[in-house]
Protein chains: 4
Amino acid sequence: MTAMTAPEIFALMHKVFPTVKAMNFEIEQLDDDTITLSRHTTDQDLRPGHTISGPAMMTMVDTAAYFLILSRIGPEALAVTTNLNINFLRKPVPGKLTARGELLKLGKRLVIVEVSLYTEASDKRVAHATVTYSIPPHTSSQP
Amino acid sequence: MTAMTAPEIFALMHKVFPTVKAMNFEIEQLDDDTITLSRHTTDQDLRPGHTISGPAMMTMVDTAAYFLILSRIGPEALAVTTNLNINFLRKPVPGKLTARGELLKLGKRLVIVEVSLYTEASDKRVAHATVTYSIPPHTSSQP
Amino acid sequence: MTAMTAPEIFALMHKVFPTVKAMNFEIEQLDDDTITLSRHTTDQDLRPGHTISGPAMMTMVDTAAYFLILSRIGPEALAVTTNLNINFLRKPVPGKLTARGELLKLGKRLVIVEVSLYTEASDKRVAHATVTYSIPPHTSSQP
Amino acid sequence: MTAMTAPEIFALMHKVFPTVKAMNFEIEQLDDDTITLSRHTTDQDLRPGHTISGPAMMTMVDTAAYFLILSRIGPEALAVTTNLNINFLRKPVPGKLTARGELLKLGKRLVIVEVSLYTEASDKRVAHATVTYSIPPHTSSQP
C-alpha cells in the first residue's frame with residue numbers, strides 16, 4: 001500500500017523544497033493511514049504572549065497531510081491543497097509541536113486528512129484541522 | 001468608528017511582530033468594513049512549479065483579517081483566531097499578492113472576516129477564506 | 001454557457017426530488033455566475049425563540065449552490081457535495097429567506113460556490129457559506 | 001460534570017422542538033466528552049440514487065453536537081451554532097444513521113465538537129464535521 005517511505009519523502013523534500021528542509025521536521029511514525037510529524041518551534045514561529053503563530057500551525061497541518069498523502073500516492077501524483085479548515089482550540093506553548101494525521105478518505109481524485117496538533121504542555125489538542133487535496137487526472141504513482 | 005489607522009497598525013506591528021515587519025505588507029486601502037493588503041512574494045514563499053505556497057497565502061489571509069479587526073477594536077483587545085477556512089481556487093503566480101478583506105460580522109465576542117486573494121496575473125480570485133476571531137472578555141479598545 | 005434554464009431546473013427537481021418540490025423554492029435571478037433563490041419559511045423550519053433552524057438554512061445554501069451548478073453543467077453531470085462550510089452571523093427572522101450564490105470556481109472536477117443568506121428584516125447577511133461540489137469523471141452535460 | 005442526562009435532554013426536546021421529536025433520535029451513549037446518537041432515515045431524508053440527503057446528514061451532525069453540549073452546560077445556557085464545516089466522504093446508504101460526537105473544546109464562550117457519521121453498510125465514516133457553538137454571556141447551567 002505504501003508508495004514512499006519516510007526517508008524517501010525527506011529526500012524528495014530536501015531536493016525540491018529547501019524551505020521545508022530548513023524547518024527540521026521529523027516523521028516520528030508513518031503507516032498506511034496515520035502519520036506523526038514533529039518539529040521544534042523557532043523564534044520565527046512565535047508571537048508576543050509566548051505563543052506559536054497561526055501560520056506556523058497551519059504549515060504544520062498542511063505538511064503532515066502532504067507527507068501522509070505522498071506516502072500513499074507517490075511523488076509523481078501532483079496533489080494540491082484545495083481546502084484547509086482549522087480550529088484553534090488552546091494557546092500553544094512554544095517548544096516541540098506534534099501533528100497527528102489520519103486519512104479520512106483516499107479517493108482517486110480527492111484525499112481528505114484530519115490533523116490534530118499537540119504541544120508538550122498538555123495531552124489536549126491545541127488545534128484541529130481537516131485538509132482536502134485534489135489529485136489531478138493523468139498523474140499516478142506509477143512511473 | 002475607527003480605533004486604529006493604517007500607520008498606527010504598522011507601528012504596532014513593527015514593535016511587537018518583527019517577523020511581520022519583515023514581510024513588507026502594504027495597506028493599500030482601509031475603511032470601516034474593508035481592507036486591501038498587499039505584498040510581493042519572495043523566494044521563501046515559493047513552491048516548485050512557479051507557485052506560491054499555501055502557508056504564504058494563509059499568512060496573507062490571517063494578516064488582512066487581523067489588521068481589519070485591529071482598525072476597529074484597537075490594540076488593547078486581544079483578538080485571537082479561532083477558525084480559518086480557506087479554499088484554494090487557482091494556481092497563484094508569484095509577484096504581487098493582494099488580499100481584499102470584508103467584515104461579515106463585528107460582534108462583541110466574535111468577528112468574522114471574508115478574505116479573497118488575487119495575483120497580478122488575473123482578476124479572478126486565487127483563494128477565498130473566512131476567518132473567525134474571538135475577542136476575550138474584559139478587553140476593550142478603551143483604556 | 002448555460003446548460004439548463006430555471007424552468008428546466010424546476011422541472012427536473014419536481015421529477016426527481018419531491019421533497020424539494022414541497023419546499024416552494026423560487027429562482028428570482030439566474031445568470032452565468034450568480035443565482036438568487038428564495039422561499040418562505042414554514043413552521044417546520046422554525047426553532048423556539050422565533051428563529052429559523054440551522055438545517056433549514058443549510059438546505060437553502062446547498063440548494064442554491066446545486067441549482068447554480070446545474071445551470072452550468074446540466075443534469076447528466078452528477079455533481080455531489082463534498083464540503084460545506086457555514087458561518088451563522090445573525091439571528092434569522094422567519095419569513096422570506098433569500099440565498100445569493102456566486103460561482104468562485106467552475107473547474108472540470110471541482111466547483112466552489114459562495115452563498116450568502118438574507119431575511120427581510122435587514123440587508124445584512126444572516127449566514128455566509130462556501131460549498132464544494134465534485135463532478136465525477138465520465139459524466140458531462142452532453143448526452 | 002453532567003448538567004443534563006439523556007432522558008432530560010429528550011424531555012426538553014419534546015417540549016420545545018416538536019420537529020426534533022418527530023425525527024426519532026436515540027441517544028445510544030453519552031458521557032462527559034462523547035455522544036453516540038442514531039436514527040433511522042425515512043423517505044423524506046432520501047435522494048435519488050438510493051442515498052441520504054446532505055441536509056439530513058447536517059441535521060444529524062448539528063443535533064449530536066447540540067445534545068452533547070446540553071449535557072454539559074444545561075438548558076439555561078442558550079448555545080447557538082456559529083460554524084459548521086462538513087466533509088462528505090462516502091455515499092451514505094439509507095437505514096440507520098449514527099453520529100459519534102466528541103468535545104474538542106468546552107470553553108466558557110466557545111464549544112467545539114467533532115462529529116463523524118456512519119451507516120450500517122461500513123465501518124468507514126460517511127461524513128466528518130466540526131461544529132462550533134457560542135454560549136452567550138449571562139447564561140449558565142445554574143438556575
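Me: Two residues are in contact if their C-beta atoms, placed from the backbone, lie within 7 Å. With that in mind, how many residues does the contact take from chain C and from chain D?

Reply: First, some ground rules: this is a predicted model, where local features need pLDDT (the predictor's confidence in each residue, from 0 to 100) of at least 70, side-chain atom pairs count only at pLDDT 80 or more, and totals for chains, interfaces and linings use all residues. Residues are numbered from 1 along each chain as its sequence is written, while chains are lettered from A and ligands numbered from 1 in the order in which they are written. Now for the count: the contact takes 17 residues from chain C and, from chain D, 17 residues.

Me: Which element gives the most to the side of chain C that touches chain D?

Reply: Helices (H or I, at least four residues) and strands (E, at least two) are DSSP runs, numbered from the N terminus. On the side of chain C that touches chain D, the elements giving two or more residues are helix 3 (54-73) and strand 5 (80-88) of chain C. With 8 residues, the one that gives the most is strand 5 of chain C.

Me: How do the residues on that side of chain C divide into nonpolar, polar and charged?

Reply: Here Ala, Val, Leu, Ile, Met, Phe, Trp, Tyr, Cys and Pro count as nonpolar, Asp, Glu, Lys and Arg as charged, and the others, Gly among them, as polar. Sorted that way, the side of chain C that touches chain D has 7 nonpolar, 9 polar and 1 charged.

Me: How many bridges join strand 5 of chain C to strand 5 of chain D?

Reply: Two strands pair if DSSP finds at least two bridges between them. The two strands here run antiparallel, and one bridge has Asn87(C) facing its partner Asn83(D). The number of bridges joining them is 5.

Me: What are the edge strands of the 12-stranded sheet?

Reply: The sheet is open, with antiparallel pairing and the order 1(C)-2(C)-6(C)-7(C)-8(C)-5(C)-5(D)-8(D)-7(D)-6(D)-2(D)-1(D). Each edge strand pairs on one side only, and the two are strand 1 (26-30) of chain C and strand 1 (26-30) of chain D.

Me: By what angle are neighbouring strands of this sheet turned against each other on average?

Reply: Axes are lines fitted to C-alpha atoms, for helices over the stretch in contact, and angles run from 0 to 180 degrees between N-to-C directions. For neighbouring strands of this sheet, though, direction is ignored, and the average is 20°.

Me: Which residue of strand 6 stands opposite Leu37(D)?

Reply: In chain D, strand 2 (residues 34-40) and strand 6 (residues 96-106) pair in the antiparallel sense over 7 bridges. Opposite Leu37(D), in strand 6 of chain D, is Ala99(D).

Me: Why can chains C and D be called related as by a rotation axis, and of what kind?

Reply: Copies are superposed by least squares on the C-alpha atoms of residues with pLDDT of at least 70 in both. Chain C can be laid on chain D with an RMSD of 0.0 Å by a turn of 180° and a shift of 0.0 Å along the axis. The two copies are therefore related as by a rotation axis that is two-fold.

Me: Which residue of chain C comes closest to the rotation axis?

Reply: The same surface serves both copies, as 100% of the contact residues of chain C recur in chain D. At 2.1 Å from the axis (C-alpha), the closest residue of chain C is Asn85(C).

Me: What is the handedness of the crossing of helix 3 of chain C with helix 3 of chain D?

Reply: The two axes come within 9 Å and cross at roughly 150°. Among the residues that meet are Met58(C) and Asp62(C) on one side, and Met58(D) and Asp62(D) on the other. A crossing is left-handed if the near helix is turned anticlockwise from the far one by less than a right angle, and right-handed if clockwise. For helix 3 of chain C passing helix 3 of chain D, the crossing is right-handed.

Me: How many residues join strand 6 of chain A to strand 7 of chain A in the hairpin?

Reply: These strands pair in the antiparallel sense over 9 bridges. Gly101(A) stands opposite Val115(A) in strand 7 of chain A. The hairpin joins the two strands through a number of residues equal to 3.

Me: What ipTM does the predictor give the complex?

Reply: For chain A, the mean pLDDT is 90, and 94% of the residues reach 70 or more. For the complex, the predictor gives a pTM of 0.92 and an ipTM of 0.92.
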